[in-house]
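Student: I have a structure open and I'd like to learn how to read it. Could you walk me through a few features?

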Amino acid sequence: MLASNVIILLAINNIVTCGRIDWEVEKSSSFWYEQAQLSIEEALNRRDNTRIAKNVILFLGDGMGLSSVTAGRIRKGQIKGQLGEDFLTEMEQFTNLGLAKTYNIDRQIPDSAATATAYLCGVKAQFGTLGVDGRAKRSNCSNSVGTNVTSILDWAQQAGKKVGIITTARITHATPAAAYAHSAERDWEGYDTKRFGIRETREGCRDIAHQLVLRSPPIDLVFGGGRRYFYPNTMVDVENPKLNGSRTDNRSLIDEFWHGRFIWNKNQMDKIVLGTSTPLMGLFEYNHLYFETDRIVNRTDKPSLSQMTKFAIEHFLNMKQNGFFLLIEGGRIDHGHHDTKARYALDEFVEFDNAIGQAVEILKEKDLLNDTLLVVTADHSHVFTIGTYSTRGSNILGFGSLESLNVSEIDAFPVNIIAYGNGPNFPSPRNESYFSSIDTNTTSYLSPAAMPLSSETHGGEDVPVYARGPWSHLFIGTMEQHTIAHKMAYAACWGAYKDRNGCQSFIKSTTTKMAFPKPNGSPSISTFNFIRIIILFLLILVFV
């Protein structure tokens, strides 16, 4: 009887949680009751994991607001041939969920540099600054002296962990830069005279690319784009002979300062022996990495975010070190939104979610999932909306179904499901020739915008924080964005939390057996051995 009930529940769970190709099963009220029952049972069976996090991975979807998650969920489900609305992404399967406030100390609507300073360094800062506290004013080098703050990457290295950064943007861009650099201006990515030059150097500042290669100890793995900022403008790019570096100080940073291995394509990445201790830098594009949609068609010699993620985790695990920290950024979700090119943004979200699934799969295979804290969040949202009263399973990139609720009563033309609060496609044409000529599924299509701007802006609403693994229950509720860094450090006993209650016994044990505490209520290995001895003794007595 018990076995049959289990089989029935598993079958129901499969129907409830897997994406559906039609909604016939949803007509029955029993379906929704069963779904609710499973949800309650799942919540009741959930137990807080209070192990010390051996590894920490922070996935950052740049510009991934709640509306992006919803639309991305539908897009991913529809790519798989499903309706989409009931699909469950990898991040949505995490056990705990909260919301983060994204404002900067001087701005209601934030930018990616100051928000990165919050969730990586644990302090809120002023718009446009990174790796410095709120005393630093944007673009003012002399004012920023003495305002540097450390990041969770620093705290992990101090604890003896391997550290890495992966991004689909330039490695000197706002999100990754906040992990290792200190700059009063996010645009000081390289020495180019226009933004950063002699004046800033004399005042004691260094450009972001220069800070990366001078970092000591070096970052163990750095994958992204942005070769232009590491080479002089007199040197031809390693891949494209029509392009030169952008530095005007005549310095080749990789040749002069990088004491590790340098690669620039997937072929070279695939030849790396996993687990080698030499620091590794992969700069796979002159500028940002290609959008995933374009990479699949044109640049398969360059790694995807999923492939870089897989490589990095396996690389660190093969080092057999005492854990690692990884920052993995889906940086171009943001770029697609700024251009109001929803196809780019949502396909970038899909690949970002694929990378999360890739990480979970590897950690599960290595039996490390319960020892690894995984956090997924965004730096900020966008003024990106999904609306109309479209029928179930409608193409998320298209128009609401042609019924009265989805056709404008003002001009009698269909209404887009996706629109932006501001951006370049203003006013969006609305006439017969326009509607007959467009294809909303293409990457070149611009979604309509309500207000005119050359580039769409960030949004100000809270962003989701998904978490699973040790101490992931700390990420429940509405939180200030800067607490994310502190909660990760607390879970792993890093930085200011290395001496918190429960950390010292963990640190001592790792120096001998590399043993990790079990969750509350779980018996230790020594307890099992003791029980085995007692049972063996009793069996001997019975035999005698």
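Tutor: Happy to. Let's start with burial: a residue is called buried when its relative accessible area is under 20%. One thing to keep in mind throughout is that this is a predicted model.

Student: Okay, let me try that on Asp379. Is Asp379 buried or exposed?

Tutor: Asp379 has a relative accessible area of 0%, so it counts as buried. You'll find Asp379 in the loop between strand 8 and strand 9 (381-382).

Student: Which residues is Asp379 in contact with, leaving aside its neighbours within four places in sequence?

Tutor: Among them are Leu60, Asp62, Ser112, Tyr119, Thr175 and Gln481. There is also a polar contact between the side chains of Asp379 and His380, at 3.4 Å.

Student: How do I read the UniProt annotations alongside the model?

Tutor: Take them as labels from a record, and bear in mind that they may be inferred rather than shown by experiment. Here, an unreviewed UniProt entry gives "binding site" for Asp62, Asp334, His338, Asp379, His380 and His458. These residues are spread over 397 residues of sequence, yet they cluster in space, with a largest C-alpha distance of 14.5 Å.

Student: Where is Asp334 placed?

Tutor: Asp334 belongs to helix 14 (residues 333-338). With a relative accessible area of 5%, Asp334 is buried. Not counting residues up to four places away in sequence, Asp334 touches Asp62, Gly63, His380, His382 and His458.

Student: Which other residues does UniProt list for "binding site"?

Tutor: The unreviewed entry also lists Asp62, His173, Thr175 and Glu329 under that name. They span 268 residues in sequence, but no two of their C-alpha atoms are more than 11.2 Å apart, so they gather at one spot.

Student: Can you take me through His173 and Thr175?

Tutor: Sure. His173 sits in the loop between strand 3 (162-170) and helix 7 (174-177), while Thr175 is in helix 7. His173 is buried at a relative accessible area of 10%, and Thr175 is buried at 1%. Leaving out residues up to four places away in sequence, His173 touches Arg186, Glu189, His288 and His335. Thr175, with its neighbours within four places set aside, has contacts including Leu60, Asp62, Ser112, Glu329 and Asp379.

Student: Ser112 has turned up a couple of times. What annotation covers Ser112?

Tutor: The unreviewed UniProt entry marks Ser112 as "active site". Ser112 is in helix 4 (residues 112-121), and its relative accessible area of 3% makes it buried. Apart from residues up to four places away in sequence, Ser112 touches Asp62, Ala174, Thr175, Arg186, Asp379, His380 and His458.

Student: Let's move on to strands. How do I read their pairing?

Tutor: Look for bridges between them, and then for the sense in which they run. Strand 13 (residues 463-468) is a good case, as 5 of its 6 residues are buried. Strand 2 (residues 96-101) pairs with strand 13 in the antiparallel sense over 5 bridges, and Ala100 has Val463 as its bridge partner there. Strand 8 (residues 372-377) also pairs with strand 13 in the antiparallel sense, over 4 bridges. In that pairing, Thr377 is matched with Val465.

Student: And aromatic rings? How many aromatic pairs does the structure hold?

Tutor: There are 16 aromatic pairs. Take Phe223 and Phe284: their ring centres are 5.3 Å apart and their planes meet at 70°, so the pair is edge-to-face. Phe223 lies in strand 4 (residues 221-225) and Phe284 in the loop between strand 6 (280-283) and helix 12 (292-298), so the pair ties together parts that are 61 residues apart in sequence. Phe223 is buried at 0% relative accessibility, and Phe284 is buried at 0% as well.

Student: What kind of pair do Phe223 and Phe311 form?

Tutor: That one is tilted, with 5.6 Å centre to centre and 35° between the planes. Phe311 is in helix 13 (residues 305-318), 88 residues apart from Phe223. Phe311 counts as buried at 8% relative accessibility.

Student: What lies over the face of Tyr103?

Tutor: Lys124 does, at 3.4 Å from the ring centre. In another case, the charged end of Lys487 sits over the ring of Phe475, 5.9 Å from its centre.

Definitions and conventions: Residues numbered from 1 in each chain as written. Predicted model: local features only at pLDDT ≥ 70, side-chain atom pairs only at ≥ 80, totals over all residues. Heavy atoms only, no water. Buried < 20%, exposed > 50% of the residue type's maximum accessible area, 1.4 Å probe, protein only. Helix = DSSP H or I, 4+ residues; strand = E, 2+ residues; numbered from the N terminus. Pairing = 2+ DSSP bridges. Phe/Tyr/Trp six-rings, centres within 6.5 Å; stacked < 30°, edge-to-face > 60°. Lys NZ or Arg CZ within 6 Å of the ring centre and 35° of its normal. Contact = heavy atoms within 4.5 Å. Polar contact = N/O pair within 3.5 Å; in protein donor to acceptor, adjacent residues only side chain to side chain.
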